[in-house]
Amino acid sequence: MREMRIAAVADIHLGEDLRGHYRKKIEGIERRADVLLVGGDLTRHGTISEARVVAEELSGLPIPVVAVLGNHDYHSDRNEEIVDLLRDAGITVLDDEGAVVPIDGVRLGVAGGKGFGGGFAGKCASEFGEPETKAFVRHTKEIAERWRRALKELDADHKIVLSHYSPVKDTLMGEPPEIYPFLGSYMLAEAADAEGADLFIHGHAHAGTEKGVTPGGIRVRNVALPVIKHAYTVYCLNGDHC
Amino acid sequence: METPHYVAARVQRALAEDDRTTELGIRVDVRGEEVYLRGEVSCDERRHQIENVAREATPGLRVHNEITLVEVREPGEEEHL
Ligand SMILES: [Fe+2]
Ligand SMILES: [Fe+2]
């Protein structure tokens with residue numbers, strides 16, 4: 001099978017002040033990659049005008065673009081409109097679901113969404129006590145459940161999970177440990193490990209590190225722009241001749 | 001004098017919640033009357049706005065803007081998995 005070149009980035013946080021800047025950096029991406037995955041925090045405040053900049057910067061590329069939203073994209077309560085706007089611009093937006101992107105006859109399956117926090121095994125919040133705490137934990141649990149189903153239903157040659165929040169602590173190294181519960185949840189890793197995937201892409205942890213692995217052995221990559229410091233990073237799957 | 005700890009917390013909240021900034025990743029340290037801002041942002045405009053919001057939240061204190069600009073580089077080498 002042909003190798004698959006996955007370009008990934010997150011936390012581009014676009015706005016009027018950065019119009020045109022990011023696009024310049026991704027010109028020619030089709031020579032380096034087969035698909036571009038964008039792991040959320042596309043905007044700063046989650047406004048429609050910022051989302052329009054995102055659509056302009058990411059649309060019309062010669063390769064497919066798959067994205068999820070991040071917490072910033074929810075800030076103005078316009079997340080649903082933002083999803084529609086990006087989809088109208090030809091971007092595949094995953095909202096706790098999966099999609100198959102055909103690339104030269106190879107089916108690349110991508111599943112995921114924003115994700116959420118809660119912390120990591122042994123040091124995590126649980127569905128106990130006040131309703132606010134329960135709601136927080138339940139939100140992540142429901143998301144993880146939907147991802148598990150989405151992954152299971154994906155009929156693809158390669159599977160990737162695309163998220164904003166982190167599934168592991170490894171890629172948070174550099175962030176203050178006190179805020180880990182707001183940066184991700186082990187439940188996201190558990191969902192991926194249960195169904196299997198080739199790669200788990202996330203962002204959100206601007207001060208974190210790029211590389212990690214889930215307890216089940218799935219490679220995790222934090223592609224937040226301040227972490228990778230490049231317009232995107234390319235990961236080759238099935239790399240016998242990539 | 002207000003406890004530095006609470007000043008830092010107030011600045012951090014202002015940076016996160018003020019519409020001019022919405023920055024969650026800026027480190028704020030307060031030592032006496034000095035306020036230090038550290039972190040990385042992608043343009044000069046944002047760096048200035050962060051300083052403005054921090055100044056407004058800390059009247060009478062000196063704000064040191066040590067935030068660095070990150071220039072997004074062209075894509076580098078690929079990784080084979
Ligand atoms: Fe972000
Ligand atoms: Fe985020």
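## Exercises on the contact of chains A and B

A:Arg221 and B:Glu79 form a salt bridge in which the closest N and O atoms are 2.8 Å apart; a salt bridge is a side-chain nitrogen of Lys or Arg within 4 Å of a carboxyl oxygen of Asp or Glu. This is a predicted model, in which local features need pLDDT of at least 70 and side-chain atom pairs count only at pLDDT 80 or more, while totals for chains, interfaces and linings use all residues. Residues are numbered from 1 along each chain as its sequence is written, chains are lettered from A and ligands numbered from 1 in the order in which they are written, and side-chain values use heavy atoms, with hydrogens and water left out.

**Exercise 1.** Describe the contact between chain A and chain B, first by residues and then by area.

*Solution.* Begin with the residues: chain A brings 30 residues to the contact and chain B brings 22 residues, where contact means heavy atoms within 4.5 Å. Next take the area buried between the two chains, which is about 2400 Å², with carbon and sulfur atoms giving 49% of it; buried area is the accessible area (1.4 Å probe) that two parts lose on being put together, summed over both. On the side of chain A, the residues that lose the most area to chain B are A:Lys25, A:Arg44 and A:Lys229, together 24% of what that side buries. Finally, the rule finds 4 salt bridges across this interface.

**Exercise 2.** Find the strand of chain A that pairs with β6 of chain B, and state the sense of the pairing.

*Solution.* The strand is β13(A), which pairs with β6 (residues 79–80) of chain B in the parallel sense over 2 bridges. Strands (E, at least two residues) are DSSP runs, numbered from the N terminus, and two strands pair if DSSP finds at least two bridges between them. Looking at single residues, we find A:Cys236 opposite B:His80, which belongs to β6(B).

**Exercise 3.** Decide whether A:Ser163 is buried or exposed, and describe its surroundings.

*Solution.* First locate A:Ser163, which lies in strand β9 (residues 158–163) of chain A. A:Ser163 counts as buried because its relative accessibility is 0%; buried means under 20% relative accessible area, exposed over 50%, and partly exposed in between (1.4 Å probe, protein chains only). A polar atom of the side chain of A:Ser163 lies 2.6 Å from the backbone oxygen of A:Tyr165. Leaving aside neighbours within four places in sequence, the residues in contact with A:Ser163 include A:Gly39, A:Trp147, A:Leu188 and A:His202.

Terms used. Helix = DSSP H or I, 4+ residues; strand = E, 2+ residues; numbered from the N terminus. Polar contact = N/O pair within 3.5 Å; in protein donor to acceptor, adjacent residues only side chain to side chain.
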